[in-house]
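Biologist: Before I do anything with this model, I'd like a close look at just one part of it. Please pick the part yourself and take me through it strand by strand, along with whatever sits around it.

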Amino acid sequence: MQQPAVPELAHTTTRPIHWLATAAALAAVVAASGFLQPGAATAAQADSKTPTVTSRAVAPPDPAGVHFPLNCGPVKVVVQKKASGDLDGDGRPETVAVVRCDAGSGTPPNGVYVLTQPPGAKPRIVATLVDPKDRFSVSAFRVHDGAVTATLDGYSSDAVPRYRPDVHDQAKWQWQGGRFVRSTPARASSV
């Protein structure tokens, strides 16, 4: 048997102190990495339809504190759906809320409202897209590319049961000329 040219290494046998030193070093690295975080990202890809916002992001209006113009009697108003996006191209998000009275049964009509929130102020309603007096329910709803789209379900007469709407309409709203203009989406069909 040939003897090695280098003397045996002193650390070929692990001892508890070695594991303790390794664990302490690893804990120090993990703890230090918690303090060394990268800054907030500020770069954003420019979209041709939306202006680039260089300041910090603005939170969309919260419909929770808004008084909606619904007469619900003893029951409260409930926000069924909400979505946010920059609808008017000003770089600040608006919130679109689908609300109704919180009735125990039946299908109460929806109201669809656009909310905005100026800096330092409370959210407020700036447009009514669907008035509850029109007696529509909203079954599908989306805010995308500066437009609001919805499927509106209604009734052709008072004889139609309220649980089975027989009129289905597709609607799209976009901000044009200082107001929301309603149109029919390209793939809309009526039943």
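Modeller: First, a bit of vocabulary: two strands count as paired if DSSP finds at least two bridges between them. The strands themselves are DSSP runs of E with at least two residues, while helices are runs of H or I with at least four, and both are numbered from the N terminus. Keep in mind that this is a predicted model, where local features need pLDDT of at least 70 and side-chain atom pairs count only at pLDDT 80 or more, though totals for chains, interfaces and linings use all residues. Residues are numbered from 1 along each chain as its sequence is written, and side-chain values use heavy atoms, with hydrogens and water left out.

The part I'd pick is strand β2. For orientation, the protein chain has one helix and eight strands, and from the N terminus the order is α-β-β-β-β-β-β-β-β. Four of the strands make an open, antiparallel sheet in the order β1-β2-β3-β4. At its edges stand β1 and β4 (124–130), each with a single partner strand, so one side of each has no neighbour in the sheet. From one strand to the next, the twist averages 30° (axes are lines fitted to C-alpha atoms, for helices over the stretch in contact, with angles from 0 to 180 degrees between N-to-C directions).

Now β2 itself, residues 94–101. Eight of its eight residues are buried, so the strand is largely enclosed by the rest of the structure. Buried here means under 20% relative accessible area, with exposed over 50% and partly exposed in between, using a 1.4 Å probe and protein chains only. Both faces of β2 join in: E94, V96, V98 and R100 point one way, T95, A97, V99 and C101 point the other, and all are buried. Compare that with the protein chain of 191 residues, where buried residues make up 25%.

What about the partners? On one side, β1 (residues 77–85) pairs with β2 in the antiparallel sense over eight bridges, and V78 stands opposite R100. With β3 (residues 111–116), β2 is again antiparallel, over five bridges, and there V99 has G111 as its bridge partner. Carrying on across the sheet, five bridges join β3 to β4, also antiparallel, with L115 opposite I125 in β4.

Around the end of β2, look at V75 in the loop between α1 and β1. Leaving aside neighbours within four places in sequence, V75 is in contact (heavy atoms within 4.5 Å) with C101 and D102. V75 and D102 are 27 residues apart along the chain, yet their C-alpha atoms are separated by 5.9 Å. Unlike the β2 residues, V75 is partly exposed, with a relative accessible area of 34%.

One more thing next door, on β3. The whole structure has two aromatic pairs, meaning rings of Phe, Tyr and Trp (its six-membered ring) with centres within 6.5 Å; planes under 30 degrees apart are stacked, over 60 edge-to-face, and the rest tilted. F68 and Y113 form a tilted one, 5.5 Å centre to centre with 40° between the planes. That pair links distant parts of the chain, since F68 sits in the loop between α1 (16–35) and β1 while Y113 is in β3, 45 residues apart. Both F68 and Y113 are buried.
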